[in-house]
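Here is an informal walk through one chain, meant to be read with the model open beside it. Grab the viewer and follow along.

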Amino acid sequence: MSMILSASVVRVRDGLPLSASTDYEQSMGMQQCRKYFKTLSKKLAQLPDRCMLKAGQYNISFISSLGVSYMMLCTENYPSVLAFCFLDELQKEFITTYNMMRTNTAIRPYCFIEFDNFIQRTKQRYNNPRSLSTKINLADMQTEIKLRPPYQISMSELGSTNGFAHLSAAEFKGTGKISTAPHQRLEAVTLPGIVSFILSLLCGALNLIRGFHAIESLLQNEGEDFSYVIAFFLGTAACLYQCYLFLYCTSWRNVKSFLTFGLICLCNMYLYELRNLWQLFFHVTVGAFSALQIRLRQPQGKSPDYNV
């Protein structure tokens with residue numbers, strides 16, 4: 001029989017359980033799925049906002065929004081469209097009932113346990129799909145899932161750590177291989193980071209302007225060196241790429257940042273005759289400062305171990 005077995009609401013940044021339905025089944029499969037729940041809740045900040053894990057006879061699905069994740073466990077033959085409609089309904093009710101300030105400042109686990117009443121009522125409705133009167137919503141969700149299917153977390157991505165499942169960050173789109181990059185979230189932006197981002201944009205703009213001036217000079221004087229144009233535009237590309245690395249997590253991010261800073265230094269060395277010492281010092285210093293801020297802004301680390 002296809003049915004929803006349990007559901008929970010978890011804070012994304014640290015995996016703190018905010019509310020959950022009561023589980024009555026105590027089979028070995030359910031116990032193992034609770035371990036998967038626990039592992040996933042600690043990795044939500046590194047995962048896409050819509051995922052599914054197939055665990056034998058059960059499926060674990062979850063969505064995340066506004067710092068809160070809504071997770072559910074159902075049998076393997078439960079329709080995925082109904083599963084994500086169920087999670088979407090939990091999300092809308094939770095956002096309506098509790099403001100972000102309360103969820104962000106919550107300290108105790110299950111401090112919104114009264115939300116369990118709504119979870120239970122909604123679970124009963126979705127366990128009897130014939131009673132649902134949301135066919136339009138189901139159609140909308142089915143279209144959305146086709147356009148943006150949930151990321152399938154494979155069991156091969158789950159390692160064993162002290163007997164518990166351990167999940168690495170995974171790409172939202174791709175081959176399903178483990179990767180830390182495009183969808184892993186970075187730490188919050190700091191004031192020095194914002195300053196470095198603005199200065200990198202400024203240096204890129206200055207290089208771009210000088211590059212166009214070099215092209216204009218090249219057209220007017222045939223003896224001008226075209227390599228200066230290339231150096232200016234390479235400097236522009238390097239500055240903009242530093243901005244990209246600061247905003248997004250990619251594979252080999254720190255290595256790319258170091259190589260980009262090296263390119264900035266080489267470009268300014270080549271442009272030594274066209275810039276004074278202060279201009280060279282400014283561009284190289286901004287490049288070094290940006291590389292440092294990229295290095296300091298790391299992916300969000302491991303979350304506290306709550307018993308979900």
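## Starting at Q279

Q279 is partly exposed, with a relative accessible area of 33%. You'll find Q279 in helix α9, which covers residues 277-296. Measuring from C-alpha to C-alpha, Q279 sits 9.1 Å from N268, and the two are 11 residues apart in sequence.

One thing to keep in mind while you look around: this is a predicted model.

## The spans annotated as transmembrane

N268 also falls in a stretch that has a record attached. UniProt, in an unreviewed entry, puts the feature "transmembrane region" at residues 188-209, 229-248 and 255-272.

How much helix does the model show over residues 188-209? The chain there is 86% helix and 0% strand, with its end C-alpha atoms 32 Å apart. Residues 255-272 come out at 89% helix and 0% strand, and the end C-alpha atoms of that span lie 26 Å apart.

## A greasy patch on the surface

Which residues form a nonpolar patch on the surface? They are V189, L191, I194, V195 and I198, and together they have about 440 Å² of accessible area. I198 belongs to helix α6, which runs over residues 191-220.

The patch can be set beside the record: UniProt's entry, which is unreviewed, lists residues 188-209 as one of its "transmembrane region" spans.

## The nonpolar core

Now for the inside. The largest nonpolar core is made of 32 residues, and V9, L18, Y70, M72, F86 and F94 are the ones with the most contacts inside it. Elements giving two or more residues to this core are β1 (4-11), β5 (68-75), α2 (80-97), α4 (116-126) and α5 (135-147). Helix α2 provides the largest share, with 9 residues.

## Salt bridges

How many salt bridges does the structure hold? The count is 5, and three of them are worth a stop.

Take E144 and R50 to begin with: their side chains meet in a salt bridge, at 2.5 Å from N to O. Because E144 lies in helix α5 and R50 in strand β3 (residues 50-55), the pair ties together parts that are 94 residues apart in sequence. R50 is buried, at a relative accessible area of 5%, whereas E144 is partly exposed at 33%.

E89 and R125 also pair up through their side chains, again in a salt bridge, at 2.5 Å from N to O. This one links distant parts of the chain, with E89 in helix α2 and R125 in helix α4, 36 residues apart. R125 is partly exposed, with a relative accessible area of 31%.

Then there's D14, which forms a salt bridge with R11; the closest N and O atoms are 2.7 Å apart. Are these two buried or exposed? D14 counts as buried because its relative accessibility is 9%, under the 20% cut-off. R11 counts as buried too, at 3% relative accessibility.

## Cysteines without a partner

How many disulfides are there? The count comes to 0. C74, for one, is in no disulfide: the nearest cysteine sulfur is that of C33, 9.6 Å away. Since a disulfide needs the two sulfur atoms within 2.5 Å, that distance rules out a bond between C74 and C33.

C74 is buried, with a relative accessible area of 2%. C111 is buried as well, at 18%.

## Two positive phi angles

Finally, a pair of backbone spots to check. Phi of L66 is near 55°, a positive value in a residue other than glycine. L66 sits in the loop between β4 (58-65) and β5, and it counts as partly exposed because its relative accessibility is 47%.

Where is Y110 placed? It lies in the loop between α3 (100-105) and α4. Y110 isn't a glycine either, yet its phi is positive, at about 60°. With a relative accessible area of 29%, Y110 is partly exposed.

How values were computed. Residues numbered from 1 in each chain as written. Predicted model: local features only at pLDDT ≥ 70, side-chain atom pairs only at ≥ 80, totals over all residues. Heavy atoms only, no water. Patch = residues over 30% accessible without salt bridge, like charges linked within 9 Å, V, L, I, M, F, W, Y side chains within 5 Å. Areas by Shrake-Rupley, 256 points an atom, 1.4 Å probe, with all protein chains shown as cover. Salt bridge = Lys/Arg side-chain N within 4 Å of Asp/Glu carboxyl O. Helix = DSSP H or I, 4+ residues; strand = E, 2+ residues; numbered from the N terminus. Buried < 20%, exposed > 50% of the residue type's maximum accessible area, 1.4 Å probe, protein only. UniProt positions renumbered as here; feature names shortened; annotations may be inferred. Core = buried A, V, L, I, M, F, W, Y, C linked by side-chain atoms within 4.5 Å.
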